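Work through the exercises below with the sequence and the model open. Each one sets a task and then solves it step by step.

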Amino acid sequence: MSLELFQPKPDLLYSLDAAARIAGVPRRSILIYCRAGFIRSVFQPPYGVMAFTEEAIYTVRRIEHVRSCHGLDLAMIKTVFELIEEVERLRSELRFLRHH
């Protein structure tokens, strides 16, 4: 079994309904994750309809996976995601320092 890397296509945008359908969640979940700061709509009402990138949909899937597998609430998931980002930042910094 191989692990596929996620490569979002930057030009694709999805409506709220399409993003919810692709992520396999109700529209309400997308709105809750927006309010909690996990994802952002490219356009903000009242200036336009909500539109989401593939990266936002991927984030929603990650949240749903962590919630279903580990039973964490949104505050804990946010902490976990922040720690993962910090580890990735530190790994990147370490790689840079090893090559210079």
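**Exercise 1.** In which helix does L74 lie? Classify its exposure and list its contacts.

Solution. The model is predicted, so local features need pLDDT of at least 70 and side-chain atom pairs count only at pLDDT 80 or more, while totals for chains, interfaces and linings use all residues. Residues are numbered from 1 along each chain as its sequence is written, and side-chain values use heavy atoms, with hydrogens and water left out.

Step 1: L74 lies in helix α4. Helices (H or I, at least four residues) and strands (E, at least two) are DSSP runs, numbered from the N terminus.

Step 2: the relative accessible area of L74 is 23%, so the residue is partly exposed. The classes are buried under 20% relative accessible area, exposed over 50% and partly exposed in between, with a 1.4 Å probe and protein chains only.

Step 3: leaving aside residues up to four places away in sequence, L74 touches I32, Y33, A36, F38, I63 and R67. A contact requires heavy atoms within 4.5 Å.

Step 4: from L74 to L94 the C-alpha distance is 30 Å, at 20 residues apart in sequence.

**Exercise 2.** Describe the order of elements and the overall extent of the protein chain.

Solution. Step 1: the secondary structure comes to 4 helices and 2 strands. Read from the N terminus, the elements run β-α-α-β-α-α.

Step 2: taken along the principal axes, the C-alpha atoms fill a box of roughly 50 × 35 × 30 Å.

Step 3: of the 100 residues in the chain, 26% are buried.

Step 4: take the contacts with a separation of 6 or more; residues 24 or more positions apart account for 53% of them.

**Exercise 3.** At what angle do the axes of α1 and α2 cross, and which residues make the contact?

Solution. Step 1: the axes come within 8 Å and cross at roughly 100°. Axes are lines fitted to C-alpha atoms, for helices over the stretch in contact, and angles run from 0 to 180 degrees between N-to-C directions.

Step 2: α1 and α2 are therefore roughly perpendicular to each other. The classes are roughly parallel under 35 degrees, roughly antiparallel over 145, roughly perpendicular from 65 to 115, and oblique for the rest.

Step 3: α1 contributes L16, D17, A19 and A20, and α2 contributes R27, I30 and L31.

Step 4: by type these residues divide into 5 nonpolar, no polar and 2 charged. Here Ala, Val, Leu, Ile, Met, Phe, Trp, Tyr, Cys and Pro count as nonpolar, Asp, Glu, Lys and Arg as charged, and the others, Gly among them, as polar.

Step 5: the buried residues of α1 are L16, A18, A19, A20 and A23. Their cover includes β1, α2, β2 and α3. Just after α1, G24 has a positive phi of about 75°.

**Exercise 4.** Check the span of α3 and find what its buried residues pack against.

Solution. Step 1: α3 covers residues 54-70, which is 17 residues. The expected span of a helix is 1.5 Å times one less than its number of residues.

Step 2: from first C-alpha to last, α3 reaches 24 Å, close to the 24 Å expected.

Step 3: buried in α3 are E54, A56, I57, T59, V60, I63 and V66. They pack against β1 (14-15), α1 (16-23), α2 (27-35), β2 (51-52) and α4 (74-98).

Step 4: G71, just after α3, takes a positive phi of about 65°.

**Exercise 5.** How many aromatic pairs are there, and how are their rings arranged?

Solution. Step 1: rings of Phe, Tyr and Trp (its six-membered ring) pair if their centres lie within 6.5 Å; planes under 30 degrees apart count as stacked, over 60 as edge-to-face and the rest as tilted. The count comes to 2 aromatic pairs.

Step 2: Y33 and F38 have ring centres 6.2 Å apart and planes at 80°, so this pair is edge-to-face.

Step 3: F38 and F81 have ring centres 6.0 Å apart and planes at 85°, so this pair is edge-to-face. The pair links distant parts of the chain, with F38 in the loop between α2 and β2 and F81 in helix α4, 43 residues apart.

Step 4: the relative accessible area is 1% for Y33, which is buried. F38 is buried at 15%, and F81 is buried at 8%.

Step 5: Y33, F38 and F81 form one aromatic cluster.
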